[in-house]
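Visitor: Could you take me through this structure, one question at a time? I would like to hear the reasoning before each answer.

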Amino acid sequence: MSEMRNIKMEGSKVPAEKIKNPELLEAIEIMQADGSTENINNMINKVVNAKFILPAVLNSVPKARTQNGQTVMSSATQVQFRLLENNKKERFFGVFSDTDEMFKWQGTDKGNKVVMDFDSLAAMVMDPNANVLGFVINPFGKSVTFPKNMVNSIKQQRDYMRMEGNKLQNGSQVKVGEPKEYPIDLMAALINHFDTEPNINAAYLRLIEQDGQMSYFIVVDFVGNMEETFQAISDIAQPFLDEQFQLSMMPYSMEFAKNAVKGIEPFYKKAQE
């Protein structure tokens with residue numbers, strides 16, 4: 001178990017037993033059978049509108065505060081989430097479409113359950129104290145992995161769509177533009193990789209800035225397995241990233257991605273046969 005502190009969770013009041021996601025399950029199955037851009041986009045849309053169940057342990061811990069010059073003791077709820085770990089010792093949140101899927105994870109039938117939506121889950125994934133690399137939907141069934149950079153990209157799109165006059169409700173801004181200096185070494189490494197991947201049609205590079213954090217934003221026009229495509233790009237890009245510049249990625253099929261690269265030439269385009 002991994003203890004997660006100071007994470008704002010917008011948990012749902014809907015009982016976990018009532019959470020069912022038949023449309024999401026169908027979209028995942030269709031996407032895994034045919035990884036077209038349309039099917040990938042449809043699956044992502046179902047994910048961002050779904051509610052998920054996470055196995056958790058809820059502990060009541062004492063909390064002191066001062067009131068009228070006196071110390072008043074109260075209690076606060078501390079949440080611990082069970083994490084998945086792969087053979088590389090990388091950790092992910094395990095999230096589930098329904099209780100039947102969750103109970104496939106040994107021991108979860110006797111624990112607490114937390115219900116949350118995509119935005120709350122994204123906030124936990126992006127929390128620097130979480131030390132996770134993303135989340136996995138139904139890890140013991142027909143699973144789909146959403147790595148952190150993909151989660152960040154989708155969240156940025158949702159924030160962008162909520163803007164009024166390009167400003168978020170909390171006053172932060174999302175800015176999309178060109179890098180002042182192009183990461184030539186990163187682009188060269190990606191071009192070499194794309195040349196070996198027949199399913200990559202084109203790739204675009206932009207820069208996203210949100211709350212002072214800058215990310216290279218790579219929009220990829222591809223068909224096939226989204227998880228494998230984005231994981232390979234992430235692995236190649238990692239040596240070229242630092243605290244100043246992170247990485248965000250998004251399929252070209254998504255509206256935010258199309259708007260971000262409108263009128264921009266791709267830095268990679270598959271050669272015509």
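Guide: A term is needed at the outset: a salt bridge is a side-chain nitrogen of Lys or Arg within 4 Å of a carboxyl oxygen of Asp or Glu. This is a predicted model, in which local features need pLDDT of at least 70 and side-chain atom pairs count only at pLDDT 80 or more, while totals for chains, interfaces and linings use all residues. Residues are numbered from 1 along each chain as its sequence is written, and side-chain values use heavy atoms, with hydrogens and water left out.

Visitor: Which residue meets Glu17 in a salt bridge?

Guide: Helices (H or I, at least four residues) and strands (E, at least two) are DSSP runs, numbered from the N terminus. Glu17 lies in the loop between β1 (2-4) and α1, and its partner sits 96 residues away, in strand β6. The two side chains meet at 3.4 Å, N to O, and the partner of Glu17 is Lys113.

Visitor: Are Glu17 and Lys113 buried or exposed?

Guide: Buried means under 20% relative accessible area, exposed over 50%, and partly exposed in between, with a 1.4 Å probe and protein chains only. Glu17 has a relative accessible area of 47%, and Lys113 has 26%. Glu17 therefore counts as partly exposed, and Lys113 is likewise partly exposed.

Visitor: How many residues apart in sequence are the parts that Lys142 and Glu29 tie together?

Guide: The side chains of Lys142 and Glu29 meet in a salt bridge, 3.4 Å from N to O. Lys142 lies in the loop between β7 and β8 whereas Glu29 belongs to helix α1, so the parts tied together are apart in sequence by 113 residues.

Visitor: Why do the buried residues of α1 lie on the same side of the helix?

Guide: Helix α1 (residues 22-33) has 12 residues and reaches 17 Å from its first C-alpha to its last, close to the 16 Å expected at 1.5 Å a residue, where the expected span is 1.5 Å times one less than the number of residues. Leu24, Ala27, Ile28 and Met31 are buried in α1, while on the other side Pro22 and Ala33 are exposed. The arc is taken from the directions from the helix axis to the C-beta atoms. The buried residues are on the same side because they cover an arc of only 100°.

Visitor: Which residue of β8 stands opposite Phe135?

Guide: Two strands pair if DSSP finds at least two bridges between them. Strand β7 (residues 134-137) and strand β8 (residues 144-147) pair in the antiparallel sense over four bridges, and they form a hairpin with six residues between them. Opposite Phe135 in β8 stands Phe146.

Visitor: What is the phi of Asn138, and is this residue buried or exposed?

Guide: Most residues other than glycine have a negative phi. Asn138, in the loop between β7 and β8, has a positive phi near 50°. At 1% relative accessibility, Asn138 counts as buried.

Visitor: Which residues do ring pairs link into a cluster with Trp105?

Guide: Rings of Phe, Tyr and Trp (its six-membered ring) pair if their centres lie within 6.5 Å; planes under 30 degrees apart count as stacked, over 60 as edge-to-face and the rest as tilted. The rings of Phe96 and Trp105 have centres 6.0 Å apart and planes at 45°, so this pair is tilted. Trp105 and Phe140 also form a tilted pair, 5.7 Å centre to centre with 45° between the planes. Joined to Trp105 in the cluster are Phe96 and Phe140.

Visitor: Which strand gives the most to the largest nonpolar core?

Guide: A nonpolar core is a set of buried Ala, Val, Leu, Ile, Met, Phe, Trp, Tyr and Cys residues joined through side-chain atoms within 4.5 Å. The largest has 68 residues, of which Met43, Ile44, Phe93, Phe135, Phe146 and Met226 touch the most other members. With seven residues, the strand that gives the most to this core is β10 (residues 200-210).

Visitor: How many residues are in the second, separate core?

Guide: Ala16, Ile19, Met102 and Val136 are included in the second core, and its count of residues is 10.
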